[in-house]
Amino acid sequence: MKGICKAFLGAFALLAASCSDDQPDNIDVSIPGDDSASELKIDVLGGSAAITFDASGDWIAEVSSGSWLTVSPASGSAGKGTVTVTAEPFDVYSQPNGSRIGYITLACGSFSKSIAIVQSDPAAAEDKDRTEAAKVRRRGGELTFEVPSHAIGYTVEVAESWISVANRETGSFTLKIDENMTAESRRAEVKVLSAGGDAELIKLDVEQSWRDIEPGEILIEEIYFTGTPLPSTGKPNSKNTDQYFLLTNNTDELLYADRLLIIESKNANAGATWKEFKEPIINEYCEAGAVFCVPGTGTDVPLEPGESLLIASNGINYKEGYSAGSAGSKVEMNPDGIDLSKADFEWFTKTTNSVIDIDVPEVDNLDVWFCYTLSIWILHDRGFQSYAIAQAPVTVTGETFSTDYNWAGAEYINHTLAGDFDMTLTQAYKVPNDWVIDAVACTVPSINQVRQFSEKLDAGWTYASPQNIDKDDQRYGHSVRRKRGDDGKLIDTNNSSNDFIPNAIPSLRQ
Ligand SMILES: [Ca+2]
Ligand SMILES: [Ca+2]
């Protein structure tokens with residue numbers, strides 16, 4: 001009995017000590033951060049942080065200010081304790097100084113301590129009112145833009161129906177831009193606003209072109225118009241000789257050559273006779289005697305950076321010759337001829353007289369928008385014609401082109417050795433200079449008379465005539481080739497006197 005009593009008394013004495021008024025209510029708090037930290041910082045993106053403390057007795061924790069805060073657990077007992085404070089994401093633009101403060105309170109008996117919880121990003125203010133510009137090709141597509149990562153819950157405001165927001169996430173958003181089916185470039189303003197709409201973060205000026213290829217992006221790298229002479233005659237086959245264009249993507253971007261037009265001028269620029277037009281069109285249009293078009297609806301003819309499109313008179317190997325069957329032309333073997341069997345396209349004109357063009361089944365044909373001749377289109381083998389590539393607005397088709405851009409009927413004075421005569425032009429079209437992507441004037445310099453295309457498109461000229469004379473029998477087997485710079489890119493100053501190598505060896509000759 002005595003022993004039990006002693007044990008009871010001992011237990012009572014211990015309990016009395018823990019509730020003694022001698023030890024004051026207290027919570028010794030340690031806030032993460034440096035030693036003197038007096039407030040707890042939580043990232044503006046939101047998140048949690050722990051506060052550890054030592055409580056002299058039972059304690060409670062609560063949010064005393066800031067509906068965006070939670071704290072847990074809400075209570076505990078004496079000794080070392082931890083509470084976790086969680087803050088919601090903070091739209092820094094909703095407060096003028098880009099920061100907000102809330103409080104939690106830890107209490108133990110009569111003692112309580114408030115702890116400040118801060119979300120702040122003073123640098124955020126500098127991210128406001130940014131202006132950006134973006135250019136988009138006609139075919140449209142998706143564009144991704146960065147936004148400040150602290151721009152929590154931002155919104156994207158688009159006024160135009162051809163732009164929509166495909167994706168929006170922290171740090172970036174993606175716009176989907178429709179195909180431009182109009183003949184005009186168009187612009188739209190896109191605004192990125194802070195969550196509450198208080199601040200304009202980014203003003204985005206989106207401009208969409210009416211075309212898929214801009215001037216200078218695809219260049220005429222080479223024109224082989226003279227043809228390769230046959231060893232037997234010293235002259236090329238007069239009807240179906242090897243001729244080609246090499247058109248090259250001079251950008252670092254994948255382009256599409258769909259709907260690219262290849263234009264030959266209408267009138268000779270050199271020789272004994274020349275035309276003086278009573279109402280010149282040269283400042284607004286390129287004259288055209290032939291307009292061929294790369295088939296496709298937008299993304300059918302990809303052209304990688306630096307890649308070339310080979311467009312051939314006929315997609316055959318001229319070394320081997322060709323026989324197109326009973327109705328076709330026969331092309332004799334030419335050991336010096338060029339292998340054009342791997343051409344991307346060939347030009348084929350539906351012949352209506354006895355001179356038959358060749359239609360190689362394996363090589364796709366260019367669409368014919370217009371061609372002056374009823375037999376075979378042959379590039380002028382003395383270089384009296386100039387060439388351009390262009391892209392028409394998507395609203396223009398081969399049919400509407402033939403009605404809307406006819407130049408026949410233009411009046412001119414024909415200057416000849418026999419005198420001057422008033423004449424009217426036939427079989428002619430015109431292509432707006434605004435459509436032109438690249439142009440190369442060819443001629444024979446010593447007998448040049450007139451310019452077919454504007455000087456703004458090509459301020460010079462190039463040629464394949466080693467003797468620089470008309471009917472130069474040394475011209476055969478020579479091409480005109482664009483120079484390359486030290487960076488490997490084709491040179492394009494819109495002056496082919498500078499940009500081209502005349503009397504060049506064809507790049508496809510092996
Ligand atoms: Ca052909
Ligand atoms: Ca063909």
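Domain bounds here come from an automatic or database domain assignment. The model is predicted.

**Domains**

The assignment splits the protein into domain 1 (23-122), domain 2 (128-208) and domain 3 (218-504). Taken over C-alpha atoms, the centres of domain 1 and domain 2 are 39 Å apart. Their contact draws nine residues from domain 1 and eight residues from domain 2. On the side of domain 1 that touches domain 2, six residues are nonpolar, one is polar and two are charged.

**Strand β18**

Strand β18 covers residues 244-249. How many of the six residues of β18 are buried? Six of the six are, so the strand is largely enclosed by the rest of the structure. A residue counts as buried if 20 or more other C-beta atoms lie within 10 Å of its own.

In a regular strand, side chains alternate between the two faces of the sheet. In β18, Tyr244, Leu246 and Thr248 point one way. Phe245, Leu247 and Asn249 point the other way. Residues of both sets are buried.

**Partners of β18**

Strand β18 pairs with β17 and with β25, as tabulated here.

| Partner strand | Residues | Sense | Bridges to β18 |
|---|---|---|---|
| β17 | residues 218-224 | antiparallel | six bridges |
| β25 | residues 308-312 | antiparallel | five bridges |

Single residue pairs can be named in each case. Tyr224 has Tyr244 of β18 as its bridge partner. Leu247 has Leu309 of β25 as its bridge partner. Both Tyr244 and Leu247 are buried, and they point opposite ways from β18.

Conventions:
Residues numbered from 1 in each chain as written. Chains lettered and ligands numbered in written order. Predicted model: local features only at pLDDT ≥ 70, side-chain atom pairs only at ≥ 80, totals over all residues. Contact = placed C-beta atoms within 7 Å. Nonpolar A, V, L, I, M, F, W, Y, C, P; charged D, E, K, R; others polar. Buried ≥ 20, exposed ≤ 12 C-beta atoms within 10 Å, placed from the backbone. Helix = DSSP H or I, 4+ residues; strand = E, 2+ residues; numbered from the N terminus. Pairing = 2+ DSSP bridges.
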